[in-house]
Each structure stands twice: as structure tokens, then as C-alpha cells.
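Q: Could you walk me through how to read a few features here, starting with a single side chain and working outwards?

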Amino acid sequence: MVSCLDPSSTGIGRSISSAPHLFMPSVRGGIGIDADDFRLSPTASSDRFTFHLLRADSSLTQGYWSLRRGIFCSEQHVFEESDRDELDAIAYPIAALHHSSNPEHEDGSETDVVGVVRIVETEPRLWYGGRLGVHADFRRHNQIGKGLIWKAVTTANGWGCDRFLATVQIQNVRFFRRLHWSSINELEIRGIRHHLMEADLSYYLPSRERRPIASHHLSAAA
């Protein structure tokens, strides 16, 4: 799993130096670091995994919410009943999909949501990534976390992003640095060390994905 946080309406963190004060806890855990650098195209895909911006009417919506709840509530116990918050009303959800030809697939379909992330514009042209996680059965596939990061940053960059930030747990800082992120500050959130990190937008070339209108966001109350 990759850990990154996004701002919330409740200040729960304290800065080691002078970083933003409003954060929400995200998934706890590490991810393997590849020896080689990694780069995907804006339409990152393979025979098994693809990465998609979800629209409000997407048939994958339930899978997105279910995986988020499974990671952040049932598994990590960061939240009790639900990890949804007011930011979901303005955030854009992104899902990693696993394409299977197994006829005995658990839900009877050939596609599963196996990774999630959301991006949100907190101020004009300032974006955060958060709620980033990968299904436990697929964490050995490092390409999923990397693909989600690529899709998140390139999508925001295509919509006029000037800065893209995330707070990253200390064990994942090197991983993000390999993906062309730099550390801005150190934070301590609920006793856990994090770095506030910023993506190099010159590396994450802008996507051509069109930005949905506000009414197409997923509803946090759904």
C-alpha cells in the first residue's frame, strides 16, 4: 500500500515545522520499492490493470466505495463506520481495475476495483491526492500504486494544476522520491511521522482527460 493524506475540516495533526495543519489519516502500511525508476503513460494500462476517472453514474462506483471502506475502516481501523467526508462532494475518484477472465469471479463480473485514490482542488490550482490504497490481494503488484499516482497527478495537471501535494508516511518517502516527488516538510499525525511531498509536474505530463462538471462528482452521502 501507498500512504498519502489529504486535507480535512478537522485539524488532527501537529507540524514538526510549518506544514499545513488540516489532515485526515490515510492507509497505514508500506509498499515495495523497485530498483528501477518507473513511468507510465497518461493512459496507463496493461492486459490486467487499467486506471480510470470515475463518473457519478459509473457502474464501478460501489466497488470504489467498498474498497475504500474495507481498507480504511475494516482493515486499518482509521475510521469506524465510514471514511467518507465533506471533501468527497468535490473530489474526483480514480479507480484501478483488474480485468479477469475467471468465470468464478467472486461478484460474477470480469472487472474488479483493486485500487483507489481521490484528487481534490482545495484552492484554485492547488490539488491534493488522498485516500490512496490497494486491495490486499494485489499489493504485490507495485504497478497499481504507481499507476494510481500517475493517473491522479497527470489528470490534475491537465486541469490547470500548479501544485500537487500529498502527505506520505515516512516508510514510503523513498518510493515517492523515485516517482519524482520532493519532500517539503515533516509532519507528525496521530503519532506517525509523515512528509508533506510535492509532485514534479514537469514529469507528470498533462492528461487530456476532460474535467467533469461539479454535478458529476460522486456523492459522499450515496
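Q: Let's start with Phe176: is it buried or exposed?

A: Keep in mind that this is a predicted model. The general idea is to compare relative accessibility with a cut-off: under 20% is buried. Phe176 comes out at 1%, so it counts as buried. Phe175 is buried too, with a relative accessible area of 2%.

Q: How many aromatic pairs does the structure hold, and what geometry do Phe175 and Phe176 adopt?

A: There are eleven aromatic pairs. To classify one, look at the angle between planes: over 60 degrees is edge-to-face. The planes of Phe175 and Phe176 are at 75°, with ring centres 5.7 Å apart, so this pair is edge-to-face. Tyr203 and Tyr204 form an edge-to-face pair as well, at 5.0 Å centre to centre and 85° between the planes. Both of those tyrosines are buried.

Q: Which residues do ring pairs link into a cluster?

A: Phe164, Phe175, Phe176 and Trp181.

Q: Which charged residues sit over rings?

A: Among them, Arg84 has its charged end over the ring of Trp65, 3.9 Å from the centre. Arg131 lies over the face of Phe72, 5.8 Å from the ring centre.

Q: And how do I read a helix such as α2?

A: Generally, an α-helix has 3.6 residues a turn, so residues three or four places apart point the same way. Now try length: at 1.5 Å a residue, the 17 residues of α2 (residues 142-158) should span 24 Å, and the end C-alpha atoms are indeed 24 Å apart. As for burial, 15 of the 17 residues are buried, so α2 is largely enclosed by the rest of the structure.

Q: What follows α2?

A: Gly160, with a positive phi near 90°.

Note on methods
Residues numbered from 1 in each chain as written. Predicted model: local features only at pLDDT ≥ 70, side-chain atom pairs only at ≥ 80, totals over all residues. Heavy atoms only, no water. Helix = DSSP H or I, 4+ residues; strand = E, 2+ residues; numbered from the N terminus. Expected span 1.5 Å × (residues − 1). Buried < 20%, exposed > 50% of the residue type's maximum accessible area, 1.4 Å probe, protein only. Phe/Tyr/Trp six-rings, centres within 6.5 Å; stacked < 30°, edge-to-face > 60°. Lys NZ or Arg CZ within 6 Å of the ring centre and 35° of its normal.
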